[in-house]
Amino acid sequence: PSGILYTLFLPSATLLFQLPHSREHEIEADYIGLHLAADACYDPRAAKRVFAAMKESEKDRNNRSLEMALPPEFVSTHPSYDTRLSNFSNWMPEVLKKFEADSHKCEKIRREMKVARQKAAVLATKRERKH
């Protein structure tokens, strides 16, 4: 009987206690990451674009709906793409205040990022023309 209880208890404990805490840690990491990006003068809106692109890529890769491609959130160690995107939307006003604050420290970084984006666009255009 103890073997049966053990085989039932371990997966149940993981599902009920460990996975939710893991998701909470991931959500906390997303929140902190947005603030760190803003503090470092990087546009925190990029996080939302990245996760939206990952969501679309997952759909395309599996050639089916996302609900069929990924496990339900409650059995995952990470929040779903929809949860993350929703959290980003909720946190964005607070984070954008930090990002858009008039600060001289960010001027140089923003100029460098603008140049980097322009170079990336040129390279992307060249790659597209080759294909």
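**An all-helical chain with one disulfide**

Of the 131 residues in the protein chain, 21% count as buried. The model is a predicted one, and its secondary structure comes to five helices and zero strands. Read from the N terminus, the elements follow the order α-α-α-α-α. Contacts across the sequence are a good place to begin: among those in the protein chain with a separation of 6 or more, 78% are accounted for by residues 24 or more positions apart.

One link of this kind is covalent. The structure holds one disulfide, which joins C41 to C106 with an S to S distance of 1.9 Å. The pair ties together distant parts of the chain, 65 residues apart: C41 sits in the loop between α1 (2–39) and α2 (45–62), and C106 in helix α5 (residues 104–130). The torsion about the S-S bond of C41 and C106 is about -65 degrees, so the disulfide is left-handed. Both partners fall under the 20% cut-off for burial: C41 counts as buried because its relative accessibility is 5%, and C106 is likewise buried, with a relative accessible area of 4%. The backbone at C41 also deserves a look, since C41 is not a glycine and yet has a positive phi of about 75 degrees.

Helix α4 (residues 81–100) offers a further point of interest, a kink of about 50 degrees at M92, shortly before the proline P93. M92 is itself among the buried residues of α4, a set that also includes Y81, L85, N87, F88, W91, V95 and L96. An α-helix has 3.6 residues a turn, so residues three or four places apart point the same way. The buried set of α4 further includes R84 and F99, and the surroundings of these two can be described one after the other.

R84, found in helix α4, is buried, with a relative accessible area of 8%. Leaving aside neighbours within four places in sequence, R84 is in contact with E26, D30, F51, H78 and P79. For readers following the charged side chains, the list thus includes E26 and D30.

F99 also lies in helix α4 and, at 9% relative accessibility, counts as buried. Not counting residues up to four places away in sequence, F99 touches A38, C41, Y42, D43, P44, R45 and R110. The contact with C41 brings the description back to the loop between α1 and α2, where C41 is found. Another pairing with F99 involves A40: the two are 59 residues apart in sequence and 8.5 Å apart in space, C-alpha to C-alpha.

Several of these residues meet again at a pocket. The second largest pocket has a volume of about 160 Å³, and its lining consists of C41, Y42, D43, A46, R49, F99, R110, M113 and R117. The disulfide partner C41 and the α4 residue F99 are therefore both part of this lining, along with R110, a contact of F99. Helices α2 and α5 each supply at least two residues of the lining, with α5 giving the most, three residues. By class, the lining of the second largest pocket has five nonpolar, no polar and four charged residues.

Key. Residues are numbered from 1 along each chain as its sequence is written. This is a predicted model: local features need pLDDT of at least 70, side-chain atom pairs count only at pLDDT 80 or more; totals for chains, interfaces and linings use all residues. Side-chain values use heavy atoms; hydrogens and water are left out. The bend at a residue is the angle between axes fitted to the seven residues ending there and the seven starting there. Helices (H or I, at least four residues) and strands (E, at least two) are DSSP runs, numbered from the N terminus. Buried means under 20% relative accessible area, exposed over 50%, partly exposed in between (1.4 Å probe, protein chains only). A disulfide is a pair of cysteine sulfur atoms within 2.5 Å. On a 1 Å grid over the protein atoms alone, a cavity is a set of points where a 1.4 Å probe fits but cannot get out, and a pocket is an open set with protein on both sides within 12 Å along at least five of seven lines; lining residues have an atom within 4 Å of a point. Grid points are joined across faces, edges and corners, and a volume is the space filled by probe spheres set on the points. Ala, Val, Leu, Ile, Met, Phe, Trp, Tyr, Cys and Pro count as nonpolar, Asp, Glu, Lys and Arg as charged, and the others, Gly among them, as polar. Contact means heavy atoms within 4.5 Å.
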